[in-house]
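Colleague: Could you take a close look at one part of this model for me? I'd like the cysteines first, and then the place where the domains meet.

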Amino acid sequence: MAAPGENMRINADRLWDTLMDMAKIGPGIAGGNNRQTLTDEDGEGRKLFQSWCEQAGMSMGVDTMGNMFFTRPGTDPDALPVYVGSHLDTQPTGGKYDGVLGVLAGLELVRSMNDLDIRTKHPIVVTNWTNEEGARFAPAMLASGVFAGVHAQDFAYDRKDPEGKRFGDELKRIGWIGDEVVGARKMHAYFEYHIEQGPILEAENKQIGVVTHCQGLWWLEFTLTGREAHTGSTPMNLRVNAGLAMARIIEMVQGVAIAEQPGAVGGVGQVFFSPNSRNVLPGKVVFTVDIRSPDKEKLDRMRAKIEAEAPEITDALGVGCSIEAIGHFEPVTFDPTLVTAVRNAAERLGYSHMNLISGAGHDACWTAKVAPSTMVMCPCVGGLSHNEAEDISKEWAAAGCDVLLHAVVETAGIVE
């Protein structure tokens with residue numbers, strides 16, 4: 001298919017303005033956002049996104065997981081659509097760009113195609129996936145996982161947040177249960193634009209990340225059972241200290257990941273102590289170990305080591321231990337043809353670029369199971385993400401969106 005001309009660009013100011021307008025919904029306390037999935041704020045953000053897409057001439061479809069699909073028709077009614085998307089939900093202390101950039105960049109490329117009167121053979125569909133973050137309802141990438149057949153919808157509907165509220169009930173409450181069967185849609189290709197969430201592009205002074213692979217992941221939830229006791233009056237040799245066991249497991253996870261360098265990471269980001277009182281040793285500790293690698297053998301080896309060594313640690317302290325795998329996806333190799341389209345677009349536009357392996361999970365990891373998929377990334381300041389201080393520049397955002405526009409239009413087929 002013909003490549004678009006290098007003078008084809010998006011409207012950088014308009015893209016930036018939409019990002020700032022969306023950020024007004026569910027503001028955080030330190031400049032970012034708290035727009036967690038299936039909250040009232042999520043519902044409000046969805047309504048705003050719907051209004052923008054319909055103003056751009058797109059028609060909406062919503063499936064029973066609340067995934068939103070906005071279609072710009074192609075000239076061939078039998079051609080499968082090219083999908084572009086990401087997510088509008090955020091972490092509890094999230095930034096203004098994680099996920100949101102990819103959704104609103106999809107909107108901007110359609111707006112720019114309208115401005116430039118560009119027609120394509122294949123339809124373009126801009127997508128907002130429900131509950132990518134997994135912050136409120138684990139696991140992450142839940143709705144795209146149902147779409148790809150990784151999870152059953154009943155499983156998803158039964159997920160509970162920390163307050164015991166069910167995913168299915170909250171989706172109904174905010175009014176975003178659609179009538180489409182999840183996964184019934186077929187894709188010609190899927191593109192996802194995202195901030196890097198890491199420091200490599202900025203450190204290497206590159207504008208574009210051409211994403212070739214995505215790391216695999218295991219989330220292992222540990223439940224440690226000790227004995228609640230007074231921190232001041234319980235002798236050290238008589239303690240059954242679940243907190244100490246957790247600390248030793250975290251140190252062990254660090255060692256397991258270090259032993260698998262390069263290309264492996266591991267750590268703990270979430271811990272719940274019970275009763276979580278200053279002067280009471282915890283009777284119960286629940287925490288999640290997050291391990292990742294683009295190498296399946298390393299990933300599986302890390303999991304096996306952690307699950308073998310943790311009980312040895314807890315047994316020595318008299319602490320009970322159970323481990324449940326609550327999140328997983330295999331390492332992903334993105335479609336070589338689409339990766340090449342992204343790389344060629346960056347070169348055609350004169351943007352500096354480099355190959356990247358995504359350190360984070362994304363909806364594209366699941367769509368890759370059912371359709372050719374790839375990702376585009378832009379830098380973020382200091383590599384910081386999942387943090388209200390997350391930041392990018394308008395120029396970075398626009399460069400990646402330009403590349404996205406070119407790769408998508410080329411894949412969808414320009415009609416002269």
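Modeller: Cys-214 is buried, since its relative accessible area is 0%, which falls under the 20% cut-off. Cys-365 counts as buried as well, at 2% relative accessibility. As for disulfides, the count comes to 0. Keep in mind that this is a predicted model, so that zero rests on the rule that a pair of cysteine sulfur atoms must lie within 2.5 Å.

Now for the place where the domains meet. The protein splits into domain 1, covering 12-215 + 331-415, and domain 2, covering 217-329. Their C-alpha centres sit 33 Å apart. Where the two touch, 12 residues of domain 1 are in contact with 13 residues of domain 2. Put together, domain 1 and domain 2 bury about 980 Å² between them, and 71% of that is on carbon and sulfur atoms. On the domain 1 side, Gln-215, Pro-331 and Trp-366 do a lot of the work: these three supply 54% of the area that domain 1 buries against domain 2, more than any other three residues.

What about the chemistry of the side of domain 1 that touches domain 2? By class, that side has 9 nonpolar and 3 polar residues, with no charged ones. Between domain 1 and domain 2 the salt bridge count is 0. Polar contact across the interface comes to 1 residue pair, with both residues at pLDDT 80 or more.

Key:
Residues numbered from 1 in each chain as written. Predicted model: local features only at pLDDT ≥ 70, side-chain atom pairs only at ≥ 80, totals over all residues. Heavy atoms only, no water. Domains from an automatic or database assignment. Contact = heavy atoms within 4.5 Å. Buried area = accessible area lost by both parts, 1.4 Å probe. Salt bridge = Lys/Arg side-chain N within 4 Å of Asp/Glu carboxyl O. Polar contact = N/O pair within 3.5 Å; in protein donor to acceptor, adjacent residues only side chain to side chain. Nonpolar A, V, L, I, M, F, W, Y, C, P; charged D, E, K, R; others polar. Buried < 20%, exposed > 50% of the residue type's maximum accessible area, 1.4 Å probe, protein only.
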